[in-house]
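Got the viewer open? Let's take a short walk through this one, selecting a few residues at each stop.

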Amino acid sequence: MATPVKNIEKEFMLRVLYDEDLPVIYLKDRVEHLLFLKKPVRDDLFFHADQPIEKLKVKERIDLLFDYRGKSIVFTTEVLNIKDKEITCAIPDFLYKDLDRSYSRVSVPSQMQVQFTFLGDRYDLSFPKVAEHETEDWGDFLQNSDPKNLTGLIEQMAAWIKNFASTHKLVLFKDAKPATVEERVISETGKTLFLPLTREGFPQNDPFPHKRIITGNMFKRYLESTGIGLAFIDNACARFIKTKIDNGIYSDAWIPILFHEYVIGYIHIWNNVEGRPPFDYKVIDVLYQFAKVLAYSLKINGYFEEGKLKNDSFEGKVIDISASGLLFAYPHSGLSGALQPESRLTVKIITPERSITAEAIIVRCFKDKSLDYYGCQFEKMEAESLSHLFESIYGKPLTDLDAKFLTGQV
């Protein structure tokens with residue numbers, strides 16, 4: 001993972017760039033430009049380029065790379081002024097080392113096009129949507145069950161639940177929309193509302209690697225989003241818990257049933273018999289798996305077929321690209337809502353010489369006011385395609401030395 005360089009070390013590295021006249025690499029449209037600091041670093045970076053850089057503009061943000069003691073260091077800076085080969089840039093906020101990607105990312109060459117297609121099905125459904133969700137992994141849970149037999153699965157689930165809960169309910173949001181506080185909060189978060197012992201309130205931490213539990217702070221943020229003032233949040237939370245205690249509920253759990261980015265319903269279990277053991281995280285994990293299998297059973301039984309979309313390719317705005325991945329942006333939309341971390345895509349990269357097709361996985365997402373951004377890592381790319389992509393991006397053949405330098409291993 002890329003690590004920010006501390007300020008003292010950053011100042012030292014920038015001083016070494018000038019003192020030792022080290023080259024800083026800027027890659028644009030397959031051309032490698034070498035920049036050299038011509039003045040000691042004080043308020044700005046004053047570079048001299050080895051050749052004119054076409055189409056470079058003031059206020060443009062550029063990614064630069066240099067080799068420091070055998071490690072690749074990268075940073076992003078803003079161009080402040082351009083005069084022939086003299087380029088003035090702002091001092092970067094951070095330098096980064098220990099890069100977690102194999103090749104430096106650069107702006108997309110002007111003659112390159114990139115098209116994306118979802119791997120797997122996509123749906124437009126009327127169920128509540130969540131901003132983040134786990135990708136489908138049906139796993140090997142209930143190997144001895146027939147997923148086509150929905151009734152049998154529900155009966156199996158009910159029989160298992162009787163070992164832990166006094167009562168349970170299965171609800172699908174097909175005809176009725178979320179109405180209760182519990183239904184609304186699990187629909188908005190896609191996470192489980194879990195009160196192991198009702199009198200002790202919400203868990204303060206979530207032990208699952210992919211966070212699945214509504215913690216106390218998360219529930220308070222939900223209450224705030226409904227319009228409850230900050231001064232009244234704690235009282236509202238306490239009243240919520242007291243109502244359950246007054247109704248004789250000793251342990252309570254609401255597990256959402258997720259299908260892609262949709263919350264299609266939930267499994268509700270509770271204990272209203274005093275003396276029964278409280279629910280634990282193992283119970284929640286098993287019910288989470290049950291919920292996955294139920295969603296899969298509904299899928300293969302055609303429950304979502306009317307909402308299935310044609311899987312057309314789409315073009316995002318590619319911000320930068322490397323031989324190991326790319327970053328692209330897409331406007332806020334139903335399509336962008338379906339793109340999540342761990343979503344898989346087919347990526348077609350079109351160059352004047354040939355086209356390359358590879359699989360990619362989304363490894364990170366972020367957004368601004370109008371666009372969603374997705375960082376992707378290439379997978380399953382043939383060696384010949386990788387060599388062609390490298391040359392298309394960097395304007396030179398891929399060599400072992402290049403790979404070692406760009407991974408910071410020289």
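**First stop: helix α5**

Select Lys 242 and Asp 246: both sit in helix α5, four residues apart, which is about one turn of the helix. Keep in mind that you're looking at a predicted model. The two side chains form a salt bridge, with their closest N and O atoms 2.9 Å apart. Lys 242 is partly exposed at 49% relative accessibility, while Asp 246 counts as exposed at 53%.

Now select the whole of α5, residues 233-246. Its 14 residues reach 20 Å from the first C-alpha to the last. Which residues of α5 are buried? Colour Ile 233, Ala 236, Cys 237, Phe 240, Ile 241 and Lys 244. Look down the axis: these buried residues fall within an arc of 135°, so they line one face of the helix. Add α3 (181-189), β11 (193-195), α4 (216-225) and β12 (251-259), which are among what covers them. Turn to the face pointing away from the buried side, and you'll find the exposed residues Arg 239 and Asp 246.

**Next stop: salt bridges across the chain**

Pick Asp 121 and Lys 308, whose side chains meet in a salt bridge (3.6 Å, N to O). This pair links distant parts of the chain, 187 residues apart. Add Lys 299 to see a network of salt bridges linking it with Asp 121 and Lys 308.

**Last stop: a nonpolar patch**

Select Ile 154, Leu 170 and Leu 172, which form a nonpolar patch on the surface with about 180 Å² of accessible area together. Leu 172 lies in strand β10 (residues 167-172).

Methods: Residues numbered from 1 in each chain as written. Predicted model: local features only at pLDDT ≥ 70, side-chain atom pairs only at ≥ 80, totals over all residues. Heavy atoms only, no water. Patch = residues over 30% accessible without salt bridge, like charges linked within 9 Å, V, L, I, M, F, W, Y side chains within 5 Å. Areas by Shrake-Rupley, 256 points an atom, 1.4 Å probe, with all protein chains shown as cover. Salt bridge = Lys/Arg side-chain N within 4 Å of Asp/Glu carboxyl O. Helix = DSSP H or I, 4+ residues; strand = E, 2+ residues; numbered from the N terminus. Expected span 1.5 Å × (residues − 1). Buried < 20%, exposed > 50% of the residue type's maximum accessible area, 1.4 Å probe, protein only. Arc of directions from axis to C-beta. Contact = heavy atoms within 4.5 Å.
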